Structures are given as C-alpha cells and as structure tokens.
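Trainee: Could you take me through one part of this model in detail? I would like to see how its helices pack against one another, residue by residue.

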Amino acid sequence: MLAVAVVAVFAVLWWVCSSWRDAVSGRTVVLLPGVRAPLLLIAHPDDECMFFAPTILGLFQEQRPLSVLCCSAGNYYNQGEIRKKELLHSCAVLGIPPSNVTLIDHRDLPDSPTVKWDECLLSALILNHIQEKNIDLVITFDEGGVSGHYNHISLYRAMRSLHSSGKLPEGCSVLVLESVSMLRTYVSVLDLPLSCFFHHDVLIISSGRQYQRAKEAMLQHQSQLLWFRHLYLFFSRYMMINSLNFLQDKTAEKES
Ligand SMILES: *[C@@H]1O[C@H](CO)[C@@H](O)[C@H](O)[C@H]1NC(C)=O
Ligand SMILES: [Zn+2]
C-alpha cells in the first residue's frame with residue numbers, strides 16, 4: 001500500500017517537473033553577451049554528452065559557435081583509438097563538426113581516475129590552444145569534477161591557476177559546471193525545483209527534444225554503453241540540466 005502511494009507521488013512529481021521543464025527550457029539560457037569563441041574543455045570522450053549536453057545544445061540554440069578540447073583519448077581500458085572516433089561522432093550529433101574538435105593524447109596525461117594530471121604541463125597545453133584559437137570563454141568542470149574523477153578536477157585546477165595568475169588572454173572568462181550531490185545527480189528532472197531555487201550565473205535546461213539529442217550523442221559511445229550507462233542516461237540530471245558559475249576575479253578569490 002505504502003509502496004503504491006510512494007510510486008504514485010513520484011509519478012505525479014515527475015509529470016509536474018517534466019511539464020515545468022517543457023515550459024522553461026530554452027528560455028532559461030542566460031545570454032552570454034559578446035562571447036565570440038567559446039571552448040568546451042573536457043577530459044575524456046563522452047564527457048561532452050554525459051555532462052555538458054544541455055550547455056552545448058543551449059549555445060547552438062543561440063547560434064553560438066563552439067569548439068571542444070579533449071585532454072585524453074580515454075585509454076584506461078586500451079580503447080583510445082575507438083574512443084577518439086566515438087568523440088567525433090558524438091560531437092557531430094550535437095552539432096560540432098570534426099574540424100572544431102581537438103584531442104590531446106599525451107603520454108603524461110593518462111586517462112585514470114586516480115591520476116592527478118601535471119598542472120604545469122596541462123595549463124601550458126590548454127593556454128596554447130586558447131591563444132591559437134582566440135578563445136574568449138572556457139567551459140569546464142568545477143572543483144568537484146561532477147563525478148569526482150581526478151582528471152576532471154585537474155582541468156578545473158589548471159583553469160583556476162591560469163585564471164588567478166592572470167595568464168589568460170584579456171577578456172577570456174571561465175565558466176564551471178556545478179557539481180551537485182549524488183542524490184540530486186540521479187533524480188533527473190525532479191532536480192529542477194532545486195536547480196531553479198539556487199542562484200547560478202547560468203542555468204540551462206534542455207527541452208525534451210534536446211534531451212533526445214543528448215541521448216543519441218551518448219549512443220555514439222558504443223564502447224562505453226555498459227548497462228549502468230543506460231541507467232545514467234535515464235536518471236542523470238546532467239542530461240537535461242546544467243548550472244554553471246563564472247570563476248571570480250583574482251581579488252575575490254583571495255578573499256574567500
Ligand atoms: C567551428 O569553429 C569556427 C571557429 O574556429 C567557427 O567559426 C564555427 O562557427 C564553428 N562551428 C560550429 C558549428 O560551432
Ligand atoms: Zn570523464
């Protein structure tokens with residue numbers, strides 16, 4: 001009896017949140033005025049669709065260009081070669097042409113959940129790319145790295161050090177994807193009320209159609225589609241909601 005009641009309550013909540021999402025999706029993309037050349041900085045092939053799909057699709061909805069820099073081939077299980085191709089296919093589904101996708105496959109930046117990447121090396125490679133492509137906005141993970149993966153966190157650390165040491169080109173800002181608690185991560189659309197309640201610099205909510213596109217992109221990562229990934233696709237909030245914050249100025253950072 002109780003179980004039935006709980007399921008019923010969930011079903012109703014789910015329906016309410018889904019309708020709410022359909023009503024607010026697209027309109028909640030805060031315009032990023034003046035951004036010419038945003039860059040999505042990720043650690044592994046599949047980060048783009050598992051975590052950043054709403055951001056990518058939201059930018060395209062606003063007719064913004066986008067390029068991707070992926071800092072490893074995802075070679076933990078020796079699938080690097082396959083995964084490079086999967087990244088290109090997934091990006092193509094999301095609307096990013098192969099010419100806008102760069103992959104760094106460096107011996108000293110191995111795909112591993114327990115390896116902290118060398119900050120100097122990583123920052124130098126990233127900075128080089130930013131300068132070469134004239135990037136004026138970098139979108140990446142925050143200090144929680146969404147899943148706590150060390151490689152994700154390394155990207156944040158590298159960007160934070162470039163940002164706070166003033167090495168980034170004039171006018172180049174950094175936007176980081178908020179990591180939420182485990183519980184919030186796996187309640188899919190039910191997290192919408194909380195996401196709307198808390199303040200973020202940018203909040204992006206995918207429409208139902210955009211969510212389908214994100215799923216389609218994930219299906220390009222055939223080598224990664226173990227059973228639990230299918231659960232992820234269904235339950236993860238990151239498949240439809242991205243909340244992001246700008247890295248603050250040097251002075252503000254020192255105070256905190
Ligand atoms: C790819 O990048 C170039 C600049 O490097 C940009 O002009 C173009 O719009 C981008 N394409 C897409 C689909 O974002
Ligand atoms: Zn990853």
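Mentor: Happily; here is a walk through the helix packing, starting from one helix and its two partners, with a stop at the ligand on the way. Please keep in mind that this is a predicted model.

Let us start with helix 10, which spans residues 208-218. One of its partners is helix 3, residues 53-61, and the two pack at an angle of about 120° with their axes 10 Å apart. Angles from 65 to 115 degrees count as roughly perpendicular and those over 145 as roughly antiparallel, so helix 3 and helix 10 are oblique to each other. The crossing of helix 3 with helix 10 is right-handed. On the helix 3 side, the contact is made by Ala 53, Leu 57, Gly 58 and Gln 61, while helix 10 brings in Gln 210, Arg 213 and Ala 214. Sorted by class, that contact holds three nonpolar, three polar and one charged residues.

Now look at the other partner, helix 11, residues 227-235. Here the axes come within 11 Å and cross at roughly 165°, and helix 10 and helix 11 are therefore roughly antiparallel to each other. This crossing, too, is right-handed. Helix 10 uses Tyr 211, Lys 215 and Met 218 here, and they meet Arg 229, Leu 233 and Phe 234 of helix 11. The residues of this contact divide into four nonpolar, no polar and two charged.

Next comes the ligand. Phe 60, Pro 65, Leu 66, Gly 95, Pro 97 and Asn 100 surround ligand 1. Two of the distances there are worth checking in your viewer. A backbone N or O atom of Leu 66 is 2.9 Å from an oxygen atom of ligand 1. For Asn 100 the atom concerned is an N or O in the side chain, and it lies 2.3 Å from an oxygen atom of ligand 1.

To finish, turn to another helix pair: helix 5 (residues 119-133) and helix 7 (residues 150-164), whose axes come within 9 Å and cross at roughly 70°. That angle makes helix 5 roughly perpendicular to helix 7. Helix 5 passes helix 7 in a right-handed crossing. From helix 5, the residues involved are Glu 119, Leu 122, Ser 123, Ile 126, Leu 127 and Ile 130. They meet Ser 154, Leu 155, Arg 157, Ala 158, Met 159, Ser 161 and Leu 162 in helix 7. By class, the contact of helix 5 with helix 7 has eight nonpolar, three polar and two charged residues.

Note on methods: Residues numbered from 1 in each chain as written. Chains lettered and ligands numbered in written order. Predicted model: local features only at pLDDT ≥ 70, side-chain atom pairs only at ≥ 80, totals over all residues. Heavy atoms only, no water. Axes fitted to C-alpha atoms, helices over the stretch in contact; angles between N-to-C directions. Helix = DSSP H or I, 4+ residues; strand = E, 2+ residues; numbered from the N terminus. Parallel < 35°, antiparallel > 145°, perpendicular 65-115°, else oblique. Left-handed = near helix turned anticlockwise from the far one by under 90°. Contact = heavy atoms within 4.5 Å. Nonpolar A, V, L, I, M, F, W, Y, C, P; charged D, E, K, R; others polar. Near = heavy atom within 4 Å. Polar contact = N/O pair within 3.5 Å; in protein donor to acceptor, adjacent residues only side chain to side chain.
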